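Open the model in your viewer and keep the selection box at hand. We will go stop by stop.

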Amino acid sequence: KEIEEAKLRQQREELQATERVRSLLQGRLSDSLRRKFQSLSNEVEESFCDSAAIDRGRHTSENQIEELICLKADLMARDTEVDTYIGDAGSWILRKEAKRSAILGNSNSNGTPAEEYVVSQDVRCHQVLQLAAEDAAISDCIYFVSRACIVHSIDAAAMLKAVRALAKKQFHVRQHIRKVNEALERDIRDHQI
């Protein structure tokens, strides 16, 4: 039962991470659309200075509005695709977990989940464990964003922006791990002297 709860907890965390990436991507796409719309609005205002510019501006804005409407419809359609891919990813994770469980079996005789055997010695060790888990989660997010680009759920520009943001966050997490490890080594060295 505890193994199932741990698996469910892990699945929820993975789904939450995927949801965070999806909401991040949707937020960035919305911001991009908002900036594009604002840019187009500014262009329209500037082009209304004379009557010839008014005609050109009207024609340009109508085309751009049509493009934005098409883009909005495309984004709405891709939103359902992202939901489908998230569901597929969840199913894939469940299959892999079931396969792993079948291969490994119940290796401990008392049924204790493996996670309970990982006990932190102190606050810094616990910090390293948490940061390592976050690092792994970010790696998974980068993988799923890349997969979404491969199956054309998102375009390359959106994928690059998301991967850059995730890579930056992962860099900071890894730097934090390095600093905590240095502090641990320093503590060990100080206690040996």
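How much space lies in the largest pocket? About 1500 Å³. Keep in mind that this model is predicted.

**Stop 1: the largest pocket**

Select Glu-13, Glu-14, Ala-17, Ala-137 and Asp-140. Of the 43 residues that line the largest pocket, these lie nearest its centre. Now colour the helices. H1, H2, H3 and helix H4 (156–192) each give two or more residues to this lining. H3 has the largest share, with 15 residues. By class, the lining has 25 nonpolar, 7 polar and 11 charged residues.

**Stop 2: helix H3**

Select residues 123–150, which form helix H3. Why do 28 residues fit a span of 40 Å? Each residue should add 1.5 Å, and the span counts one less than the number of residues. The end C-alpha atoms are 41 Å apart, which agrees.

Next, pick out the buried residues of H3. They are Cys-125, Val-128, Leu-131, Asp-135, Ile-138, Cys-141, Ile-142, Val-145, Ala-148 and Cys-149. Look at how they are spaced. An α-helix has 3.6 residues a turn, so residues three or four places apart point the same way.

Step past the end of the helix to His-152. This residue follows H3 and has a positive phi, near 65°.

**Stop 3: two cysteines**

Select Cys-149 and Cys-70. Which is buried and which is exposed? Cys-149 counts as buried because its relative accessibility is 17%, under the 20% cut-off. Cys-70 counts as exposed because its value is 54%, over the 50% cut-off. How many disulfides does a search of the whole structure find? The search finds 0.

**Stop 4: the second largest pocket**

Select Leu-25, Leu-29, Ser-30, Leu-75 and Ala-158. They lie nearest the centre of the second largest pocket, which is lined by 23 residues. About 570 Å³ of space lies there. H1, H2 and H4 each supply at least two residues of the lining. The lining residues divide into 11 nonpolar, 4 polar and 8 charged.

**Stop 5: the cavity**

A search of the whole structure finds 1 cavity of 30 Å³ or more. Its volume is about 30 Å³. To see its lining, select Glu-14, Leu-15, Thr-18, Ile-86, Ala-89, Gly-90 and Ile-93. Helix H1 (2–47) and helix H2 (51–104) each give two or more of the lining residues. H2 gives the most, with 4 residues. By class, this lining has 4 nonpolar, 2 polar and 1 charged residues.

Glu-14 appears at two stops: it lines the cavity and lies among the residues nearest the centre of the largest pocket.

Methods:
Residues are numbered from 1 along each chain as its sequence is written. This is a predicted model: local features need pLDDT of at least 70, side-chain atom pairs count only at pLDDT 80 or more; totals for chains, interfaces and linings use all residues. Side-chain values use heavy atoms; hydrogens and water are left out. Buried means under 20% relative accessible area, exposed over 50%, partly exposed in between (1.4 Å probe, protein chains only). A disulfide is a pair of cysteine sulfur atoms within 2.5 Å. On a 1 Å grid over the protein atoms alone, a cavity is a set of points where a 1.4 Å probe fits but cannot get out, and a pocket is an open set with protein on both sides within 12 Å along at least five of seven lines; lining residues have an atom within 4 Å of a point. Grid points are joined across faces, edges and corners, and a volume is the space filled by probe spheres set on the points. Ala, Val, Leu, Ile, Met, Phe, Trp, Tyr, Cys and Pro count as nonpolar, Asp, Glu, Lys and Arg as charged, and the others, Gly among them, as polar.
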